[in-house]
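Dear colleague,

I am handing over the structure below, and I would be glad if you could look through it alongside the notes that come after it.

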Amino acid sequence: MNKIYLGIKFALSYFTILPIRFDAEDDLSHPRVLKSMLLSLPFVGALLSGLSIALFMGVESLGWLGALIAAVAYMVLYGFIHTEAVIDVADALYAAHSGKDPYVIIKDPTVGAMGVLYGVSFTLLKIAALSSLLMHHLFLPFVVIAVISRLGLLILIRTYDFRSSFVSQLHANLRLFPLVLVIGLFGALGFYLLSWNVFLLFVVGVLTAFLLSSLAKKGLGFINGDVLGMSLEGSELILILTVLLVWY
């Protein structure tokens with residue numbers, strides 16, 4: 001039970017900026033801890049979207065400004081970790097086109113001009129899309145999107161081989177049955193909240209994640225954690241646009 005608890009704490013510490021403390025003797029590399037961490041990821045999405053919605057409800061009187069604050073808060077809560085991946089992947093893809101080693105570029109802590117342009121453009125689009133979602137009071141779809149995008153991330157981790165020791169370790173510890181169980185659990189909950197529309201969103205989210213990761217793999221020659229983060233961000237944006245087109 002302690003390993004499950006540690007895994008949940010690990011997921012919160014790794015994928016959010018929430019203050020989480022560990023003891024010196026905590027073994028975060030234990031297989032059961034890593035498994036718990038991975039399967040907790042959809043819950044992290046639900047938590048972050050819920051906090052963003054709660055913030056919006058508190059500042060809703062500010063209109064669009066309140067929606068912008070809540071949208072930015074959602075991205076701040078996960079530390080822009082996935083948004084940073086958009087920048088790194090864009091830089092690496094352009095480096096590959098010019099004959100440079102994309103893996104060296106993607107691991108370089110500095111940021112190139114193309115990465116900045118793509119990162120800023122994507123951030124503006126996502127904040128605008130999230131703000132529109134909040135302004136139209138599409139709260140339940142927001143939570144479902146945050147969950148589905150992270151389920152898509154788990155499916156990618158289970159599917160691919162990675163040029164990353166940490167993600168490869170996650171891949172080795174993510175078994176098919178627990179993943180299917182978690183997908184079924186959230187699918188049933190999503191169906192209760194959004195009826196058959198949840199299956200449309202799930203298909204769109206997973207297909208988008210696979211398309212983006214496949215294109216990145218083709219351009220880079222490998223998949224690592226940055227490609228996963230970029231795929232999550234891209235699928236969330238497409239899912240938000242899908243909801244806005246279908247629901248509003």
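The notes below go through the nonpolar core, one helix and two loop residues.

Please bear in mind throughout that this is a predicted model. Its largest nonpolar core is made up of 73 residues, and the residues with the most contacts inside this core are Tyr74, Leu133 and Leu134. The element that gives the most to this core is helix α8 (residues 139-159), which supplies 13 residues. If residues up to four places away in sequence are left aside, Leu133 touches Leu138, Phe142 and Ile145, and also Ile240, Val243 and Leu244.

Turning to helix α5 (residues 81-97), its 17 residues should span 24 Å at 1.5 Å a residue, and because its end C-alpha atoms are 25 Å apart, the expected and modelled values agree. The buried residues of α5 include His82, Asp88 and Asp91, along with Val86, Ile87 and Val89. Just after α5 comes Gly99, which takes a positive phi of about 90 degrees.

Two residues that are not glycines also have a positive phi, and you may wish to look at each of them in the model. Phe80, in the loop between α4 (64-77) and α5, has a phi of about 55 degrees, and it is partly exposed, with a relative accessible area of 32%. Ser195, which is found in the loop between α10 (176-194) and α11 (197-220), has a phi of about 60 degrees, and this serine is likewise partly exposed, its relative accessible area being 35%.

With best wishes

How values were computed. Residues numbered from 1 in each chain as written. Predicted model: local features only at pLDDT ≥ 70, side-chain atom pairs only at ≥ 80, totals over all residues. Heavy atoms only, no water. Core = buried A, V, L, I, M, F, W, Y, C linked by side-chain atoms within 4.5 Å. Buried < 20%, exposed > 50% of the residue type's maximum accessible area, 1.4 Å probe, protein only. Helix = DSSP H or I, 4+ residues; strand = E, 2+ residues; numbered from the N terminus. Contact = heavy atoms within 4.5 Å. Expected span 1.5 Å × (residues − 1).
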